[in-house]
Amino acid sequence: FCCRYEGGESMLRLAPRIYNLLDEIRDETGDRTYILVAHNGIARAVHSYFYDMTNEEYAASGMKNCQLREYNF
């Protein structure tokens with residue numbers, strides 16, 4: 001998770017950016033619904049924000065093309 005992907009960033013650097021975004025969304029006032037559209041790497045980080053996973057579970061997690069998931073704070 002520490003190695004950068006070619007032309008990209010490592011999962012270790014990606015996760016704090018996604019977690020900070022989700023913290024901002026959580027802290028927004030009002031009853032809002034957000035839709036996040038992302039590739040599998042981002043979706044994996046979002047899922048790990050809401051659920052504890054081992055390294056093996058994180059590496060194996062993913063979404064199917066056009067799959068929807070719902071998360072609640």
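Good morning. A residue is called buried when its relative accessible area is under 20%, exposed when that value is over 50%, and partly exposed in between. With that cut-off in mind, please look at the second helix, α2, where Gly41, Ile42, Ala43, Arg44, Ala45, Val46, His47 and Ser48 are buried. I should say at once that the model before you is a predicted one.

Let me begin with the overall picture. The protein contains three helices and zero strands, and reading along the sequence gives the pattern α-α-α. Its C-alpha trace spans about 40 × 25 × 25 Å along the principal axes. There are 73 residues, of which 23% count as buried. The protein exposes about 6,100 Å², and 50% of that area is supplied by carbon and sulfur atoms.

Two further values describe the protein as a whole. If we take contacts between residues at least 6 apart in sequence, 42% of them join residues at least 24 apart. As for charge, there are 8 positive and 11 negative charges, and their mean positions are 6 Å apart.

I now return to α2. Why may this helix be described as largely enclosed by the rest of the structure? Eight of its 11 residues are buried, so the description follows from that count. And what covers those buried residues? The cover includes α1 and α3.

One residue of this helix deserves individual attention. Histidine 47 lies in α2. Is it buried or exposed? Its relative accessibility is 18%, and because the limit for buried is under 20%, histidine 47 counts as buried. Leaving aside residues up to four places away in sequence, histidine 47 touches Met53, Arg69 and Tyr71.

Next, the nonpolar core. In soluble globular proteins, nonpolar side chains tend to be buried together. The largest nonpolar core here has nine residues: Met11, Leu14, Ile18, Leu22, Ile25, Ile42, Ala45, Val46 and Tyr58. Helices α1, covering 11-27, and α2, covering 40-50, each supply at least two residues of this core. The largest share, five residues, comes from α1.

Leucine 14, a member of this core, shows how contacts reach across the sequence. Setting aside residues up to four places away, leucine 14 touches Glu9, Gly41, Ile42 and Ala45. Of these partners, Ile42 and Ala45 also appear in the list of core residues.

Let us turn to the aromatic residues. How many aromatic pairs does the structure hold? It holds six. In one of them, the ring centres of tyrosine 49 and phenylalanine 50 lie 5.0 Å apart with the planes at 70°; the angle is over 60, so the pair is edge-to-face. Phenylalanine 50 has a relative accessibility of 22% and therefore counts as partly exposed.

Another pair is formed by tyrosine 51 and tyrosine 71, and this one is tilted, at 6.4 Å centre to centre and 55° between the planes. The pair links distant parts of the chain: tyrosine 51 is in the loop between α2 and α3, tyrosine 71 is in the segment after α3, and the two are 20 residues apart. Tyrosine 51 is partly exposed at 45% relative accessibility, and tyrosine 71 is partly exposed at 22%. Both belong to one aromatic cluster, made up of Tyr19, Tyr49, Phe50, Tyr51, Tyr71 and Phe73.

I shall close with two residues outside the helices. Where is glycine 62 found? It lies in the segment after α3, the helix that covers 55-60. Glycine 62 is partly exposed, with a relative accessible area of 31%. Its contacts, not counting residues up to four places away in sequence, are with Asn40 and Arg69. Although glycine 62 and alanine 43 are 19 residues apart along the chain, their C-alpha atoms are separated by 7.1 Å.

The second residue is histidine 39, which is found in the loop between α1 and α2. At 54% relative accessibility, histidine 39 counts as exposed, whereas histidine 47 is buried at 18%. Histidine 39 and glutamate 56 are 17 residues apart in sequence, and their C-alpha atoms are 19 Å apart in space.

To review: α2 is largely enclosed, the largest nonpolar core draws five of its nine residues from α1, and six aromatic residues form one cluster. Thank you for your attention.

Key:
Residues are numbered from 1 along each chain as its sequence is written. This is a predicted model: local features need pLDDT of at least 70, side-chain atom pairs count only at pLDDT 80 or more; totals for chains, interfaces and linings use all residues. Side-chain values use heavy atoms; hydrogens and water are left out. A nonpolar core is a set of buried Ala, Val, Leu, Ile, Met, Phe, Trp, Tyr and Cys residues joined through side-chain atoms within 4.5 Å. Buried means under 20% relative accessible area, exposed over 50%, partly exposed in between (1.4 Å probe, protein chains only). Helices (H or I, at least four residues) and strands (E, at least two) are DSSP runs, numbered from the N terminus. Contact means heavy atoms within 4.5 Å. Accessible areas come from the Shrake-Rupley method with a 1.4 Å probe; for residues, only the protein chains shown count as cover. Lys and Arg count as positive and Asp and Glu as negative; His and the chain ends are not counted. The place of a charge is taken as NZ of Lys, CZ of Arg, CG of Asp or CD of Glu. Rings of Phe, Tyr and Trp (its six-membered ring) pair if their centres lie within 6.5 Å; planes under 30 degrees apart count as stacked, over 60 as edge-to-face and the rest as tilted.
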